[in-house]
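Student: I have a structure open in front of me and would like to learn how to read it. Could you take me through it, one feature after another?

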Amino acid sequence: MKDHSTSRRSLIKGLSLFPVAAATAVSAQGTNAQADNSAASEYRPSFFNGDEWAFVIALCDRLIPHDAEGPGAVELGVPEFLDRHMQTPYAAGDIWYMQGPFIEVGPEFGYQGRLPLRDILRVGIKAIDGYCRQKYGGKNFVQLDHGQQETVMKGLEKGEIKLEEISGKLVFQQFLAEVRYGYFADPKYGGNKDMGSWKMIGYPGVRADYLDWVGVRDKAYPLPPVDLSGRRG
Amino acid sequence: MAIVKDSVDVVIVGMGWTGAIMAKELTEEGLSVLALERGADRDTQPDFSYPRVNDELEGSVHRRFLQSLSKETVTIHHGLSDTAAPYRQIGSFKPGTGVGGAGTHWSGCHFRALPEDFKVRSNIEQRFGKKFIPDIMSIQDFPVTYEELEPHFDRFEYVCGTSGKAGVINGQQIEGGNPFEGSRSRDFPLPPNPNYLGGELFYKAAREMGFHPYPIPASNASGPYTNPYGCQMGPCNFCGFCSDYGCLNYSKASPNACILPALRGLKNFELRTHAQVMRVDLDSTGKKATGVTYIDSSGREIHQPGSIVLLCAFSLYNVHLMLVSGIGTPYDPVSGKGTIGRNYSYQNLNRVSLFFDETVQANQFIGIGGGGTTFDDLNGKQLDNAAAGFIGGGLVWARQPGAGPVRGVTTATGVPNWGTAWKKGVKEAFRHSFYYEVQGSCMSYKDAYLGPRPTYKDGFGRPLLRMTFNWHDNEIKGSQFLVGKALEMCKALNPKSMKGDAKPNGAKYDTTAYQSTHTCGGAIMGDNPTTSALNRYLQSWDVPNVFAPGANAFPQNNGYNPTGMVGALTYWTAKAIRTQYLKNPGPLVQA
């Protein structure tokens with residue numbers, strides 16, 4: 001298990017150091033049935049640039065790692081979900097009120113800045129990398145070891161790390177929400193490959209018909225998940 | 001120069017529950033009825049069809065069935081000394097849009113108010129003395145009684161195919177129902193739905209405390225049903241997509257399933273969608289509405305003349321329309337004068353989550369929006385408010401409207417938000433936990449109200465509404481009391497762990513976390529035009545050919561979900577228009 005995790009770590013670190021185009025080759029060499037990250041590396045991002053893509057992969061891997069509990073975010077394609085989701089009207093602020101003036105009020109009133117989601121993530125990546133370079137001798141987030149990455153993430157989550165231009169806590173919360181969406185949403189959106197997260201928690205997907213099981217108490221729900229396209233897990 | 005359309009008898013603004021009820025009732029009277037809906041038309045097919053409707057990302061993240069805030073929203077602050085900021089992302093409450101409105105994406109809990117809920121102020125004064133009510137609390141009796149509304153509660157339940165168990169019929173108590181409810185003229189149209197685990201265990205826990213549990217009246221059909229309009233419903237299959245979603249199955253009552261099929265095609269009914277009503281137009285006296293002005297789908301300004309104007313938008317937007325149209329006098333919290341915007345109230349929702357080991361099959365993905373179990377032992381006159389330390393009351397209930405992982409999985413105390421320990425916590429919780437909720441009343445206050453906020457404009461150049469609202473000590477005490485009772489009760493179920501989210505002392509209203517779409521008041525009904533915007537028939541005191549049915553009419557909010565009351569009030573208003581107003585158009589109550 002330890003070997004396995006080490007090889008995966010070098011794979012992910014590898015991704016960050018190579019241009020995106022080279023990532024497929026790296027992944028092909030590092031094939032491992034249990035920690036297969038090919039889902040992330042075969043996809044060519046069209047929203048995130050190379051550095052951002054490496055950041056997204058590294059952050060996904062820490063937020064929902066591959067472990068004995070079940071598949072990780074990277075192998076289920078969550079980076080692909082994020083890249084595609086950032087190109088939807090939703091991420092451009094389609095259902096948010098986006099008019100100014102933009103004022104500072106308490107946290108009970110939600111995000112009051114002028115950026116739509118996709119720009120919160122972009123500005124956030126740049127700011128987090130800036131923080132990391134200053135704190136860790138010129139290294140970006142992807143170049144830190146797992147322990148250092150998690151220290152940064154906890155600092156952002158608690159609001160202890162102050163970033164230039166944007167709230168680190170906000171960026172972290174938005175990333176966490178998006179990564180969870182990608183991990184759990186229907187596979188058609190790019191993440192949750194083969195309904196991996198649904199199988200892990202026992203979610204039947206879009207079966208949407210449980211009348212015969214409402215009163216069953218002594219047995220676990222027996223059927224595997226179904227996705228929007230009708231595939232069975 | 002506005003285009004002027006042919007005049008109609010009735011112009012309806014908004015095609016949710018209240019608009020659909022009014023359209024049906026008034027077309028039956030032979031009137032020409034035009035409904036203007038700002039959103040799109042929607043019907044079960046294709047808009048709620050399987051499997052797309054079960055897409056959690058579309059439904060609960062992109063919020064396909066909710067109102068986008070991009071063009072219309074409100075601003076919110078806690079008090080006059082704070083600056084109000086826009087409600088930019090959906091959080092605390094979820095207005096609907098399109099045909100069906102919030103009646104498309106509601107859950108289905110379908111309560112009647114208790115008889116004493118109509119007389120909160122006089123009952124409290126009688127039981128505990130006038131001084132028991134703090135000076136800042138502006139609660140008022142409803143100007144209508146339970147007995148007057150009973151036929152209309154009944155009517156709405158039969159339109160919705162409500163599934164439940166009566167507790168009192170014609171004064172006789174019935175075993176298994178709510179013994180504290182107001183007397184019904186007959187039983188529910190359908191029996192209760194079957195119980196999932198959490199709803200079943202609730203009976204055991206509640207009875208051990210000496211409470212009187214009963215099935216929540218659910219407008220989620222427990223069997224095949226045809227309503228009085230001839231609309232057919234099918235049995236709920238517990239798909240778990242009620243709240244946020246349209247019903248794929250013709251099971252959850254909605255304007256789309258239960259009324260629109262009987263309206264579409266009528267010669268004296270017209271529905272215009274993508275018609276954004278900007279204001280109610282008044283004549284030179286300011287006492288009569290001549291119709292409304294709206295922006296059509298091509299962006300043209302249209303004047304639509306009509307004899308009667310019915311404001312049937314979501315409660316907050318009904319108040320907004322009255323303010324921007326100059327109907328009545330805006331409420332001023334300093335002088336206490338004015339009525340439009342007065343007595344805004346909300347709902348005091350709290351949750352208790354119970355976690356079990358893997359042998360307990362709670363299956364939260366199995367869900368029904370309105371079904372479940374509750375009791376009224378801590379609500380209405382059953383509660384000793386002096387001992388409890390707050391005015392009002394509330395329910396503790398088991399409800400399982402359906403959970404999917406995109407909507408979020410509540411994990412046990414101590415589980416982090418990410419990493420391996422989070423994954424483990426989610427796996428343990430998803431099928432082996434459930435939650436009970438505490439839904440408390442929310443009183444009204446002199447400093448909780450709605451007004452205009454000109455700094456921010458909507459997509460049509462109008463000032464946004466400003467909501468001034470914060471939790472008062474009374475509601476915080478209520479939250480702590482009711483959550484305390486719920487936690488105490490749940491010990492009987494021996495969960496591995498549990499957690500409750502009672503509001504701490506000094507809690508502030510948090511607009512970012514979903515609580516409830518039960519935004520009430522702002523254009524309230526009353527018996528005095530100096531302290532209410534509407535008379536007992538929900539008719540504007542100031543402009544008598546304008547009526548505003550909706551939760552905006554509640555002087556304060558009780559412990560129940562408002563939809564049953566909203567429907568009953570709307571039928572009550574429709575009856576008043578049909579039997580009184582049409583014969584003699586003018587004020588139905590003399591000021």
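What follows is a conversation about confidence, chains, helices, strands and some backbone details.

Student: Where should a careful reader begin, and what is the mean pLDDT of chain A?

Tutor: This is a predicted model, and with such a model confidence is a sensible starting point. Where pLDDT is low, the predicted coordinates should not be read in detail. Chain A has a mean pLDDT of 88, with 82% of its residues reaching 70 or more. Over residues 1–34 of chain A the pLDDT is below 50, although this stretch has 40 contacts in the model beyond near neighbours in sequence. Chain B averages 97, and 100% of its residues score at least 70. Among the elements of chain B, the lowest mean pLDDT, 95, belongs to strand S21 (residues 497–500), and the highest, 99, to strand S22 (residues 546–547). For the model, the scores are ipTM 0.96 and pTM 0.95.

Student: How many helices and strands does chain A have?

Tutor: Chain A has nine helices and zero strands, and along the sequence its pattern reads α-α-α-α-α-α-α-α-α. Of the 233 residues in chain A, 42% are buried. Among the contacts in chain A with a separation of 6 or more, 58% are between residues 24 or more positions apart.

Student: How many residues of each chain are in contact with the other chain?

Tutor: There are 47 residues of chain A in contact with 54 residues of chain B. On the side of chain A that touches chain B, the elements giving two or more residues are helix H8 (168–184) and helix H9 (196–201) of chain A. That side of chain A has 32 nonpolar, seven polar and eight charged residues.

Student: How should I read a helix, and is H14(B) mostly covered or mostly uncovered?

Tutor: An α-helix has 3.6 residues a turn, so residues three or four places apart point the same way. Helix H14 (residues 563–581) of chain B has 19 residues and reaches 25 Å from its first C-alpha to its last, close to the 27 Å expected at 1.5 Å a residue. H14(B) is mostly covered, with 14 of its 19 residues buried.
For another case, look at helix H12 (residues 420–430) of chain B, whose buried residues include Trp422(B), Lys423(B), Glu428(B) and Phe430(B). The cover over the buried residues of H12(B) includes H9 of chain A, together with strand S15 (348–355) and strand S18 (433–440) of chain B.

Student: Turning to sheets, which strands of the open sheet of four strands stand at the edges?

Tutor: Strands of a sheet pair through backbone hydrogen bonds, either parallel or antiparallel. The open sheet of four strands in chain B has the order S5-S4-S20-S19, with mixed pairing. Strand S5 (85–86) and strand S19 (449–457) of chain B are at the edges, and because each has a single partner strand, one side of each is left without a neighbour in the sheet. Strand S4 (residues 74–77) and strand S20 (residues 463–468) of chain B pair in the parallel sense over four bridges, and Thr75(B) has Arg466(B) as its bridge partner in S20(B). Helix H10 (residues 315–325) of chain B lies across S4, S19 and S20 of chain B, at about 120 degrees to S20(B).

Student: Which strands are joined by bridges to strand S2 (residues 8–13) of chain B?

Tutor: Five bridges join S2(B) to strand S14 (residues 301–311) of chain B, running parallel, and four bridges join S2(B) to strand S3 (residues 33–36) of chain B, also running parallel. The bridge partner of Val8(B) in S14(B) is Gly306(B), while that of Val11(B) in S3(B) is Leu34(B). From S3(B), Val33(B) and Ala35(B) point one way, Leu34(B) and Leu36(B) point the other way, and all are buried.

Student: Which peptide bonds are cis, and what is phi of Asn343(B)?

Tutor: A cis peptide bond joins Gln45(B) and Pro46(B), with omega about 5 degrees, and Pro46(B) has its place in helix H2 (residues 44–47) of chain B. The bond from Tyr50(B) to Pro51(B) is also cis, with omega near 0 degrees.
Asn343(B), in the loop between H10 and S15 of chain B, has phi near 55 degrees, a positive value in a residue other than glycine. Asn343(B) is buried, with 30 other C-beta atoms within 10 Å.

How values were computed: Residues numbered from 1 in each chain as written. Chains lettered and ligands numbered in written order. Predicted model: local features only at pLDDT ≥ 70, side-chain atom pairs only at ≥ 80, totals over all residues. pLDDT = per-residue confidence, 0-100. Expected span 1.5 Å × (residues − 1). Buried ≥ 20, exposed ≤ 12 C-beta atoms within 10 Å, placed from the backbone. Contact = placed C-beta atoms within 7 Å. Nonpolar A, V, L, I, M, F, W, Y, C, P; charged D, E, K, R; others polar. Pairing = 2+ DSSP bridges. Axes fitted to C-alpha atoms, helices over the stretch in contact; angles between N-to-C directions.
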